[in-house]
Number of protein chains: 2
Amino acid sequence: MCFNLLDEKNQKMKSHTRRSFLKKTFVNTSLAMGAVSGSVVPSEGKQVNSSAARSQGSKPKIKFSVIGLNHGHIYGQTDTIVRAGGELCSFTAKEPELISAFAKRYPQAKFVKSEAEILEDSAIQLIVSASISDERGPLGIKVMQHGKDFMSDKPGFVSLSQLEEARSVQRETKRIYSIMYSERFGNRATVKAGELVQQGAIGKVIQTIGLGPHRLSASSRPPWFFDKKRFGGILCDIGSHQFDQFLFFTGSTEAEIVASQWSNVNHPEYPDFEDFGDVMLRGNKGTGYIRVDWFTPDGLTTWGDGRLTLMGTDGYIELRKYTDPAGREGGDHLFLVNHEKPQYIDCKLQPLPYGEQLVNDILNRTETAMSQQHCFLVMELALNAQAQAKKVVLSK
Amino acid sequence: MCFNLLDEKNQKMKSHTRRSFLKKTFVNTSLAMGAVSGSVVPSEGKQVNSSAARSQGSKPKIKFSVIGLNHGHIYGQTDTIVRAGGELCSFTAKEPELISAFAKRYPQAKFVKSEAEILEDSAIQLIVSASISDERGPLGIKVMQHGKDFMSDKPGFVSLSQLEEARSVQRETKRIYSIMYSERFGNRATVKAGELVQQGAIGKVIQTIGLGPHRLSASSRPPWFFDKKRFGGILCDIGSHQFDQFLFFTGSTEAEIVASQWSNVNHPEYPDFEDFGDVMLRGNKGTGYIRVDWFTPDGLTTWGDGRLTLMGTDGYIELRKYTDPAGREGGDHLFLVNHEKPQYIDCKLQPLPYGEQLVNDILNRTETAMSQQHCFLVMELALNAQAQAKKVVLSK
């Protein structure tokens, strides 16, 4: 699974003082919002026999295909479904270099020239996509109209009109539109925090603070990455992970944007880019604050020092998701402080249930991985925050 | 100095697994917003010959007095000036138990029955106060009108009208109205962060996030502590520390409140109390987010896990000011991540210059400890945030 591979890579990077810029760029682009077009190799040359991840000889639970490879997240998404018992049958994309990298990693998958071939293949139950952000909503709508389920990279939409159409088509077709918010579903510490909160370890959650810094590595990014119409804005894009966590951990089913803002503080060469954004929000069960940015400095051994702090009536949890700067090795660090002695919990063995839950949902027509209401509300909040955000201009 | 004593105490508490609730309560109430009335001994029975803190035999640089002992911070404030070369001449207060504790700690100080006796003593250059929050502004105004300088515990005011009157009297009299924001002036890691930012260690500061959790220990608090008219509201009170740090670290000289809110989530027995508050703000040089609360759980060995994160164009600094839960011993932890390898800096030997700077300002009529404009702008922001704040009611 891609997350494991990357964790392993991070460990290696720690053990070497410095690596080349190119290698660091890979870690950044493939785990974080990435421009994969021609510049990035999926797993640094490490072949993965992803079908081997399934129990030997077990019958595939579902058949699935991939449409759109524009973000490196596609490897994590694909591996998640393969490990959960999915058979990767076919894939398509427009960019030759992305096709060849994907084919090398998944030799079992047949390359097909058109989306239609996949959409019209009645054996395929699920379509997984990391196409360019503005293409995901329209694709997902088509997928559902073809009677299939859909799993998208985040953000799932770049406009409220895309979201509303998808909501309506989902209601009619009863298909699944899932968005893989990897900062929760792919992060073991975050999954563990969910269990602890569920067990009442910190009482009732009052507030969440999510910080999502990312490394930019501008030279490795394709043009669409800097075009707001295509990536949707910083709050819609990397912010969407944070709205997911806010709703999940507070248990809110309704929420409003109290205030939101964005800025392009330090990248005037990309006038349609946003390098900073933050949001205050209020749900029916708790409040939240979100900050996202593209300022991860070169000295950090991974793409971003993602943090999540959950404050409850009886304690708090802090996650150092991907790194503990000048502290413990690796990622997945959880700190629990409640009425007992403060505890450190290493979450590296915590299972990640999203893939299996989604596959079971596809088979059983259930909503255990993520409710449809939650999936869409996350993007509604992200898109509203983006639409309402005030541009900040700081003086020098 | 009070901060040192308390740091020492925290170390001891770490080395013992558990102490009695009473002792924990003390650490909480004396360093954090405290109700000292009759319930708390200044230094757990440890006598301090505070005049000995000055170089032996050196002539005092200034003479000062204390009016109002309602908050335990008065010990830190007094020690700060004694160590900087001040001679504590006299003090007054209304509460017999507070008078007797203060007299025991500072046997050199003469108790006088009325404020007037101090105000009219022409030898006294500075008055230090930790009276009840709503009495500080009116007292400071009288102090300046008597030609003396003033150093108040935070918050320096509980209303915009108090602030405006003080501003006007300060302009006329040219006296100093200083507010000892102990979460910066009394915290070595925060002072060190100021030096690092000044040296350009993280480039231009784009944003600050300040988290100020506090332990409540409700049973040790006097009635005024729960009366909003008197303590001023959570954003005015414990929030003011955070506005100070926001302005200081971003270098902003103008700022606006983007949004602010407060709640009484879990203390219905105190209907005029606020146990949670947060603020998003925008300055001319950077943005900021502030969260304050009264939810420090019993398991923490100190009164609050105060954090400050400074995000710059070329790196970031995180402070774990008073504790590093399940991590390093003690407080004053600074983490610097920039284009070099992440660094941990232990700041426990960092000097705290505020006291000496203030004493020199009194002698030289300068503004090195804190500009008057900054001092008042901090409280203006805190009071505006409080006045504009929306009350949040969370559903169960």
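Begin by selecting B:Trp303 and B:Tyr322, both of which are buried, a word used for residues under 20% relative accessible area, while exposed stands for over 50% and partly exposed for the range in between (1.4 Å probe, protein chains only). Before moving on, note that this is a predicted model, in which local features need pLDDT of at least 70 and side-chain atom pairs count only at pLDDT 80 or more, whereas totals for chains, interfaces and linings use all residues. Residues are numbered from 1 along each chain as its sequence is written, chains are lettered from A and ligands numbered from 1 in the order in which they are written, and side-chain values use heavy atoms, with hydrogens and water left out.

**Aromatic pairs**

Over all chains, the structure holds 41 aromatic pairs, counted where the rings of Phe, Tyr and Trp (its six-membered ring) have centres within 6.5 Å, with planes under 30 degrees apart called stacked, over 60 edge-to-face and the rest tilted. Select B:Phe226 and B:Tyr270 for a stacked example, in which the centres are 3.7 Å apart and the planes make 10°. These two residues link distant parts of the chain, 44 residues apart, since B:Phe226 belongs to the loop between E7 and helix H10 (228–231) of chain B and B:Tyr270 to the loop between E8 and E9 of chain B; here helices (H or I, at least four residues) and strands (E, at least two) are DSSP runs, numbered from the N terminus. B:Phe226 is buried at a relative accessible area of 9%, whereas B:Tyr270, at 22%, counts as partly exposed.

Return now to B:Trp303 and B:Tyr322, whose ring centres lie 4.6 Å apart with the planes at 40°, so this pair is tilted. The two are 19 residues apart, B:Trp303 in the loop between E10 and E11 of chain B and B:Tyr322 in the loop between E12 and E13 of chain B. For a cluster in the other chain, select A:Phe225, A:Phe226, A:Phe231, A:Tyr270, A:Phe273 and A:Trp294, which together form one aromatic cluster.

**The nine-stranded sheet of chain B**

Display the strands of chain B, nine of which make an open sheet of mixed pairing in the order E14-E13-E12-E11-E7-E10-E9-E8-E15, where two strands pair if DSSP finds at least two bridges between them. The edges are taken by E14 (343–346) and E15 (390–391) of chain B, each with a single partner strand, so one side of each is left without a neighbour in the sheet. Next, highlight E12 (residues 315–320) and E13 (residues 333–337) of chain B, which pair in the antiparallel sense over five bridges, and find B:Leu319, whose bridge partner in E13(B) is B:Leu334.

Helix H9 (residues 188–198) of chain B packs on this sheet and touches E7 (205–213), E11 (307–312), E12, E13 and E14 of chain B, its direction making about 170° with that of E12(B). Helix H11 (residues 239–250) of chain B also packs on the sheet, touching E7, E8 (255–263), E9 (276–283), E10 (287–293) and E11 of chain B at about 160° to the direction of E7(B). Contact here means heavy atoms within 4.5 Å, and axes are lines fitted to C-alpha atoms, for helices over the stretch in contact, with angles running from 0 to 180 degrees between N-to-C directions.

**E1 and B:Ile124**

Select strand E1 (residues 62–67) of chain B, in which five of the six residues are buried. E1(B) pairs in the parallel sense with E2 (residues 86–92) of chain B over six bridges, and B:Ser65 has B:Ser90 as its bridge partner in E2(B). Then go to B:Ile124, in the loop between helix H5 (115–119) and strand E4 (126–129) of chain B, which is buried at 3% relative accessible area. B:Ile124 lies 61 residues from B:Lys63 in sequence but 5.2 Å from it in space, C-alpha to C-alpha. Residues up to four places away set aside, B:Ile124 touches B:Lys63, B:Phe64, B:Ser65, B:Cys89, B:Ile118 and B:Lys148.

**Inside chain A**

Switch to chain A, which has 13 helices and 15 strands, with buried residues making up 65% of its 396 residues. Select A:Thr78 in helix H3 (residues 73–83) of chain A, a buried residue with a relative accessible area of 0%. Neighbours within four places aside, A:Thr78 is in contact with A:Phe64, A:Val66, A:Leu88, A:Phe102 and A:Tyr106. Finish at helix H6 (residues 133–145) of chain A, where the buried residues include A:Arg136, A:Leu139 and A:Ile141, and at A:Gly147, just after H6(A), which takes a positive phi of about 80°.
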